[in-house]
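Visitor: I should like to go through the charged pairs and the reasoning behind each label. Please show the structure to begin.

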Amino acid sequence: MPVGARVSAFAKLNLDLRVLYQRPDGYHELRSIFQTISLADEIGIHFARSRRTAIRMSGNIDIPDNLMVRAARLCLEEMRVAASVDFALHKRIPMGGGLGGGSSDAAAVLRALPKLAGQPLPVERMMHLAALLGSDVPFFLLGGTAAVMGRGDELYPVPDLRSPHVLVVSPDIHVSTPEAYRLLSPRLSPELAKIKLAGFQARLWTHDIGPAINDFEPVVFQQHPRLKKIRNQLRRAGATTALMTGSGSSIFGIFESKREMDAARALFPDDRVFAVRFVTRKGYQAAGMGG
Ligand code: C5P
């Protein structure tokens, strides 16, 4: 019997991001606070068991080597199921903007397919498959607010934060994540790592949004001065916190009032701008077949 589902794949912000050191495996050890937000891609899924596996993608955008297809293959192999799977992707999250859109889409597939096949997978296996797909994918199995460690694949839930009004500005600037890590690496030291660890813990203990730090800002702002300008504009417009997310290029501002946020929005007529709220873990799980 063919079955279908529609799921939302939410974007994320890094409310804090500290890079400690480069590990022997080449990845960087980090500490971060991830938060899901109400900007989302929509994914329609049709699933039918069949003799041979076939996975098809359609939607409002063509993405070569889509991570969703790799996620579906991995998941079907893990379940030892052959199926015909059709995805219809409505993409809203800007790509390559530090908002985790591709990772969220892939995690949405991992969460949905076992349910559609009637064959739930243990969380440990889901985590393993997610980490194979990319460092940011495991977070999207959980959603809400999380303290994230390791290369991004070790995560601990944090109680929901009260949602402020958040403005996300996504300029048409592409930042390469490996390149951003490469530029940041020479600036890391054991002494700095100690200070970062203390600051990160202080943030979590006080369960407070600000003052936030993203270690990528200095190196990425040097290459793209416009991004620093956007952050400062958000601050001047009254944002209590304004920060880059991930390795960029999106910048977000946290506002106490909707009125202030709406006024700030008018400062960026030529950029993609999104007014969003935080999505709680409960809200996240309900919208993505992941509960
Ligand atoms: O895991 P993912 O494919 O998303 O990572 C992309 C690239 O970002 C890696 O190849 C690596 O260069 C860099 N990276 C890193 N440390 C991390 C995550 C990513 O150096 N914790």
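Visitor: Which residues are linked in a network of salt bridges?
Guide: In this predicted model, the network of salt bridges links Arg 23, Asp 25, Glu 29 and Arg 31. Over the whole structure, the search finds 17 salt bridges.

Visitor: Why is the contact between Asp 16 and Arg 203 called a salt bridge?
Guide: The closest N and O atoms of Asp 16 and Arg 203 are 2.4 Å apart. The criterion is a distance within 4 Å, so the pair qualifies.

Visitor: What makes Asp 16 and Arg 203 a tie between parts of the chain?
Guide: Asp 16 belongs to strand β1 (residues 3–22) and Arg 203 to helix α6 (residues 190–206), so the salt bridge ties together parts 187 residues apart in sequence.

Visitor: How do you know whether Asp 16 is buried or exposed?
Guide: Buried means under 20% relative accessible area. Asp 16 has 0% and therefore counts as buried. Arg 203, with 5%, is buried.

Visitor: Why is Arg 182 given the label that it has, and what is the label of Glu 179?
Guide: Arg 182 has 53% relative accessibility, and the cut-off for exposed is over 50%, so Arg 182 counts as exposed. Glu 179, at 27%, falls between the two cut-offs and is therefore partly exposed. These residues form a salt bridge, with their closest N and O atoms 2.9 Å apart. Both lie in helix α5 (residues 177–184), three residues apart, about one turn of the helix.

Definitions and conventions: Residues numbered from 1 in each chain as written. Predicted model: local features only at pLDDT ≥ 70, side-chain atom pairs only at ≥ 80, totals over all residues. Heavy atoms only, no water. Salt bridge = Lys/Arg side-chain N within 4 Å of Asp/Glu carboxyl O. Helix = DSSP H or I, 4+ residues; strand = E, 2+ residues; numbered from the N terminus. Buried < 20%, exposed > 50% of the residue type's maximum accessible area, 1.4 Å probe, protein only.
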